[in-house]
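Student: I would like to go through this model and ask what stands behind each label. Please show the structure, and then we can start.

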2 protein chains.
Amino acid sequence: MEFTIRECEAKDCKDISRMIMELAVHLKLPEQVKVSRKELEQDGFSGQPFFKCLIVEVSDENKSRDGHTMVGYALYFYSYSTMKGKALYMEDLYIMPEFRGKGLGKALLKRVAQISREQRCKRLQFMVQDWNRPSLEFYLQHGAKDLTAAEGWHVLRFEGGALDTLAQAAPEN
Amino acid sequence: MEFTIRECEAKDCKDISRMIMELAVHLKLPEQVKVSRKELEQDGFSGQPFFKCLIVEVSDENKSRDGHTMVGYALYFYSYSTMKGKALYMEDLYIMPEFRGKGLGKALLKRVAQISREQRCKRLQFMVQDWNRPSLEFYLQHGAKDLTAAEGWHVLRFEGGALDTLAQAAPEN
């Protein structure tokens, strides 16, 4: 199947927003999506963009059962390692289920890797849940290292009330 | 003990660089540090900074055994969640061993949480290794959630030869 991978524009946010929700359903977290299409447009395509995004497009004759020609995306931003320097963090990589197994995901991941190298990033990093075996195996098979399994790295997070409480905490000494 | 927390300036990179190496030794990864003081200055204080940094300073009378008055730092950057929006990622938080247990780490973490809120970040996220029990307990005790333990999130990474191979891979279909 022919497809193109190109940089996302503000007008693509309708499709990105749809696929973010599809991915959240796949990850069993649909109630957690709080970012609207309008916020995506502001956060990614205003004066100070917080992310970059690639979109996968197929021709009209290959469109999805629901009539979509935008069938995948990868959203990323730049991060920094105090050991290695500039790095690329891939927040999401998604291909619609009916388009999987056709090389689109690999091509999209490869494009993100190319951007990492073009931008002199030393690392391409991301997260996968342990129950999501197909995704884990896809990445491991292409050479990714599982830092949680190999080096015991855990992801920690403050959010909501815990973040508020921490920000307002009284000094201790 | 009195101390101040302030934004890092380019001239502080000598101390930040020293403490990055101290932290790497603590994390048993000293051979992995490839970022020089000069690179830190370029990456953090040029036209397009890739990170922000806070530094903890004590008065001359409270200086370290080696004569240092810069005794801790937190390095962070902005990230993006497609579910929640803008977020803050804390790459490092470090206090020199002889200054621990005096409230400096808590105050520094609190300041990072305040910046998260001021900048309308929905999350403050970071990573800790599972053998590093004192750090894990410090964060959990202040309300952080361990996403690896609770939701099975693993950190994956391409780097070095694996990243090159991926960027150069032939198309599959």
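Student: What makes the crossing of H1(A) and H2(A) right-handed?
Tutor: The model is predicted. A crossing is called right-handed if the near helix is turned clockwise from the far one, and the crossing of H1(A) and H2(A) is right-handed in that sense. The axes of these helices, residues 13-26 and 37-45 of chain A, are 9 Å apart at an angle of about 115°.

Student: Which residues of H1(A) and H2(A) meet?
Tutor: Residues count as in contact if their C-beta atoms lie within 7 Å. On H1(A) these are Cys13(A), Lys14(A), Ile16(A) and Ser17(A), and on H2(A) Arg37(A), Leu40(A) and Glu41(A). By class, three residues of this contact are nonpolar, one is polar and three are charged.

Student: How do you know that S5 of chain A and S7 of chain B pair?
Tutor: Pairing needs at least two bridges. Seven bridges join S5(A), residues 123-129, to S7(B), residues 153-159, so the criterion is met. The two strands run antiparallel, and Met127(A) has Val155(B) as its bridge partner. Helix H6 of chain B packs on the sheet and touches both S5 of chain A and S7 of chain B.

Student: Why are S1 and S6 of chain A said to stand at the edges?
Tutor: The order in the open sheet is S1(A)-S2(A)-S3(A)-S4(A)-S5(A)-S7(B)-S6(A). S1 and S6 of chain A each have a single partner strand, so one side of each has no neighbour in the sheet.

Student: Why are the two copies described as related by a two-fold rotation axis?
Tutor: Chain B superposes on chain A by a rotation of 180° with 0.0 Å of shift along the axis, at an RMSD of 0.0 Å. The copies are therefore related as by a two-fold rotation axis.

Definitions and conventions. Residues numbered from 1 in each chain as written. Chains lettered and ligands numbered in written order. Predicted model: local features only at pLDDT ≥ 70, side-chain atom pairs only at ≥ 80, totals over all residues. Axes fitted to C-alpha atoms, helices over the stretch in contact; angles between N-to-C directions. Helix = DSSP H or I, 4+ residues; strand = E, 2+ residues; numbered from the N terminus. Contact = placed C-beta atoms within 7 Å. Nonpolar A, V, L, I, M, F, W, Y, C, P; charged D, E, K, R; others polar. Least-squares fit on C-alpha atoms with pLDDT ≥ 70 in both.
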